[in-house]
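Work through the exercises below with the sequence and the 3D view at hand. Each task is followed by a solution in steps.

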Amino acid sequence: MGRKYEGSFDAGGKRIAIIGSRFNDFFTRELMDGALDCLHRHGVDDKQIDTAWVPGGFEIPMAAKRFAGTGRYAAVICVGCIIQGDTPHFHYVSSEVTKGIAQVALDAEIPVVYGIVTAETLDQAIERSGTKAGNKGFDAALTALEMIDLWAEIDKG
Ligand code: INI
């Protein structure tokens, strides 16, 4: 049997960027705090974490592309919250944010992680921003740590 590659939750002292969107910031501040909490609890030094705020979810992929392109970061974590209103707007925004992050992630040399809450109701958003269904920002940060280490393991050969 060959090697089994698996990431642990160790950023190895590398730098990480978190991008949050201000739209629905009642929730996105919780997602950003959740992501920071996860990184701190896993030993990432605060000085190694850079954060940025963009106006809305639609702006997240472009900011993620910009951060990933600098070559300074081991991962980019994206947190945002898109909530359904009375019009189809929600579907257009959530679809573009999801497609955009996926495209940036596939083009980037580093993990770009999707910590976006898409909710049909305020209750669903509350549940995913630090209550019944956990905190999607924390989960995204944990994914970023695992992927950083997996990339490092793969690069080692
Ligand atoms: N942006 C969000 O992050 N969440 C939303 O729920 C949302 N809704 O529903 O409109 C939203 N819209 C703004 C959008 O992301 C852009 O910032 C805006 O269109 C300017 O490009």
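A residue counts as exposed when its relative accessible area is over 50%, as buried when it is under 20%, and as partly exposed in between. The model used here is predicted.

**Exercise 1. A pair close to the start of the numbering**

Task: Decide whether lysine 4 and glutamate 6 are buried or exposed, and state how their side chains meet.

Solution:
- Step 1. Glutamate 6 has a relative accessibility of 52%, and because the cut-off for exposed is over 50%, glutamate 6 is exposed.
- Step 2. Lysine 4 is exposed as well, at 59%.
- Step 3. The two side chains form a salt bridge, with 3.6 Å from N to O.
- Step 4. In general, side chains of opposite charge can pair when their charged atoms come close.

**Exercise 2. Two further salt bridges**

Task: State what joins aspartate 37 to arginine 41, and how the side chains of glutamate 127 and arginine 128 meet.

Solution:
- Step 1. Aspartate 37 and arginine 41 form a salt bridge whose closest N and O atoms are 2.9 Å apart.
- Step 2. Both residues lie in helix H1, and because they are four residues apart there, about one helical turn separates them.
- Step 3. Aspartate 37 is partly exposed at 30%, whereas arginine 41 is exposed at 61%.
- Step 4. Glutamate 127 and arginine 128 have side chains that meet in a salt bridge of 3.6 Å, N to O.
- Step 5. Glutamate 127 is partly exposed at 22%, and arginine 128 is partly exposed at 26%.
- Step 6. Arg3, Glu153 and Lys156 are joined into one network by salt bridges that share partners.
- Step 7. The count of salt bridges comes to 10.

**Exercise 3. The span and ends of a helix**

Task: Compare the span of helix H5 with the expected value, then describe what is found at its start and after its end.

Solution:
- Step 1. Helix H5 covers residues 136–156, which is 21 residues.
- Step 2. From its first C-alpha to its last, H5 reaches 30 Å, close to the 30 Å expected at 1.5 Å a residue.
- Step 3. At the start of H5, asparagine 135 places a side-chain oxygen within 2.8 Å of the backbone nitrogen of glycine 137.
- Step 4. Glycine 157 follows H5 and has a positive phi, near 85 degrees.

**Exercise 4. The buried residues of H5**

Task: List the buried residues of H5 and the elements they pack against.

Solution:
- Step 1. The buried residues are Gly137, Ala140, Ala141, Ala144, Leu145, Ile148, Asp149, Leu150 and Glu153.
- Step 2. These buried residues pack against helix H1 (25–41) and against strands S1 (16–21), S3 (75–83), S4 (112–119) and S6 (134–135).

**Exercise 5. Two partly exposed residues of H5**

Task: Place glutamate 146 and isoleucine 154 in the structure, and find what glutamate 146 touches.

Solution:
- Step 1. Glutamate 146 is in helix H5 and is partly exposed, at 32% relative accessibility.
- Step 2. Leaving out residues up to four places away in sequence, glutamate 146 touches Gly7, Ser8 and Phe9.
- Step 3. Glycine 80 is 66 residues from glutamate 146 in sequence, and their C-alpha atoms are 21 Å apart in space.
- Step 4. Isoleucine 154 is also in helix H5 and is partly exposed, with a relative accessible area of 42%.
- Step 5. Together with Tyr5 and Trp151, Ile154 makes a nonpolar surface patch of about 270 Å².

Definitions and conventions
Residues numbered from 1 in each chain as written. Predicted model: local features only at pLDDT ≥ 70, side-chain atom pairs only at ≥ 80, totals over all residues. Heavy atoms only, no water. Helix = DSSP H or I, 4+ residues; strand = E, 2+ residues; numbered from the N terminus. Expected span 1.5 Å × (residues − 1). Buried < 20%, exposed > 50% of the residue type's maximum accessible area, 1.4 Å probe, protein only. Contact = heavy atoms within 4.5 Å. Polar contact = N/O pair within 3.5 Å; in protein donor to acceptor, adjacent residues only side chain to side chain. Patch = residues over 30% accessible without salt bridge, like charges linked within 9 Å, V, L, I, M, F, W, Y side chains within 5 Å. Areas by Shrake-Rupley, 256 points an atom, 1.4 Å probe, with all protein chains shown as cover. Salt bridge = Lys/Arg side-chain N within 4 Å of Asp/Glu carboxyl O.
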